[in-house]
Amino acid sequence: MNSRARFVAVARDEHRVAAYRKRAYALLLMLYTCCLRIDSLLNARVEDLGYDKGHRVLLLEKVKGGGRKKKPIPPVAWDALMDYLEGRTTGWLFCTASGGQLDEPAVWRLLQSLAQRAGLPLRGAHGVKGDAVTHALAKPGARPDKVQQWADHKDARTTQLYNRRRELLDDSPGYDLGRDIASALEHGEA
């Protein structure tokens, strides 16, 4: 199991407090699959969930830059969110057991605990966003402009700062070009 899947599986199955597993799983999936800023997610309310043009969406107040933005929610995250909400239709999207707003220090502690249980380097919400951007950019055919938009970055350089693969030698385009040249030479296409 890769490290991303392990991190999510630990949230779903091994959170030390069984009563909070659904919340941990839904929160981690929302951060990861929607590439959200933690402050935007924690300020979201259940009433901000909706449906638009065939997509389940979360209407966010954009903390950075102001305004509102619709973020599509992938089915796996939507299902986890619905399981966590258990029919709740009002209040903070992610809340404490008493219904209060979940805060960033609590999310930080949660993510540290999950990473430790998964045997992964410690990370906070910002690290989860970096993992998501890196994963998205590593996909075959990834479009950096789409990843930039998804991550809510105004500048492509910001998106690249999150890309942990940018300095990996394995990702050098030279390897693909070299294979193309070698193949052309082998087949007498030179």
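In the predicted model, Lys22, Asp83 and Glu86 are joined in a network of salt bridges. Within this network, the closest N and O atoms of Asp83 and Lys22 lie 3.6 Å apart. The two residues come from distant parts of the chain: Lys22 belongs to helix α2 (residues 21–34) and Asp83 to helix α4 (residues 75–85), with their positions 61 residues apart in sequence. Asp83 has a relative accessibility of 40% and therefore counts as partly exposed. Lys22, at 35%, is likewise classed as partly exposed.

The count of salt bridges comes to 10. One of them is formed by Asp52 and Lys70, whose closest N and O atoms are separated by 2.9 Å. Because Asp52 lies in strand β1 (residues 49–52) and Lys70 in strand β3 (residues 68–72), this pair ties together parts that are 18 residues apart in sequence. Asp52 is partly exposed, with a relative accessibility of 22%; the cut-off for a buried residue is under 20%. Lys70 also falls in the partly exposed class, at 45% relative accessibility. A further salt bridge is made by the side chains of Arg45 and Glu47, with an N to O distance of 3.6 Å. Arg45 has a relative accessible area of 32% and is partly exposed, and Glu47 is partly exposed at 41%.

The strands that carry Asp52 and Lys70 belong to an open sheet of three strands, arranged in the order β1-β2-β3 with antiparallel pairing. Strands β1 and β3 stand at the edges and each has a single partner strand, so one side of each is without a neighbour in the sheet. On average, neighbouring strands of the sheet are turned by 40 degrees against each other, direction ignored. The antiparallel pairing of β1 with strand β2 (residues 55–61) extends over four bridges. Arg56 in β2 is the bridge partner of Tyr51. Helix α4 packs on the sheet and touches both β1 and β2. The direction of α4 makes about 145 degrees with that of β1.

Helix α4 also contributes to an aromatic contact. A search of the whole structure finds one aromatic pair, formed by Tyr84 and Phe94. The ring centres of Tyr84 and Phe94 are 5.4 Å apart and the planes make an angle of 10 degrees, an arrangement classed as stacked. Since Tyr84 lies in helix α4 and Phe94 in the loop between α4 and α5, the pair ties together parts that are 10 residues apart in sequence. Tyr84 and Phe94 are both buried.

Arg123 is located in the loop between α5 (104–118) and α6 (125–138). Its relative accessibility is 15%, so Arg123 counts as buried, the limit for this class being under 20%. The side chain of Arg123 reaches the backbone oxygen of Pro121 at a distance of 3.2 Å. Leaving aside residues up to four places away in sequence, Arg123 touches Phe7, Trp108, Leu111, Gln112, Ala115, Val128 and Asp131.

Note on methods: Residues are numbered from 1 along each chain as its sequence is written. This is a predicted model: local features need pLDDT of at least 70, side-chain atom pairs count only at pLDDT 80 or more; totals for chains, interfaces and linings use all residues. Side-chain values use heavy atoms; hydrogens and water are left out. Buried means under 20% relative accessible area, exposed over 50%, partly exposed in between (1.4 Å probe, protein chains only). A polar contact is a pair of N or O atoms within 3.5 Å; within protein, one must be able to donate a hydrogen and the other to accept it, and residues adjacent in sequence count only if both atoms are side-chain atoms. Contact means heavy atoms within 4.5 Å. A salt bridge is a side-chain nitrogen of Lys or Arg within 4 Å of a carboxyl oxygen of Asp or Glu. Two strands pair if DSSP finds at least two bridges between them. Axes are lines fitted to C-alpha atoms, for helices over the stretch in contact, and angles run from 0 to 180 degrees between N-to-C directions. Rings of Phe, Tyr and Trp (its six-membered ring) pair if their centres lie within 6.5 Å; planes under 30 degrees apart count as stacked, over 60 as edge-to-face and the rest as tilted.
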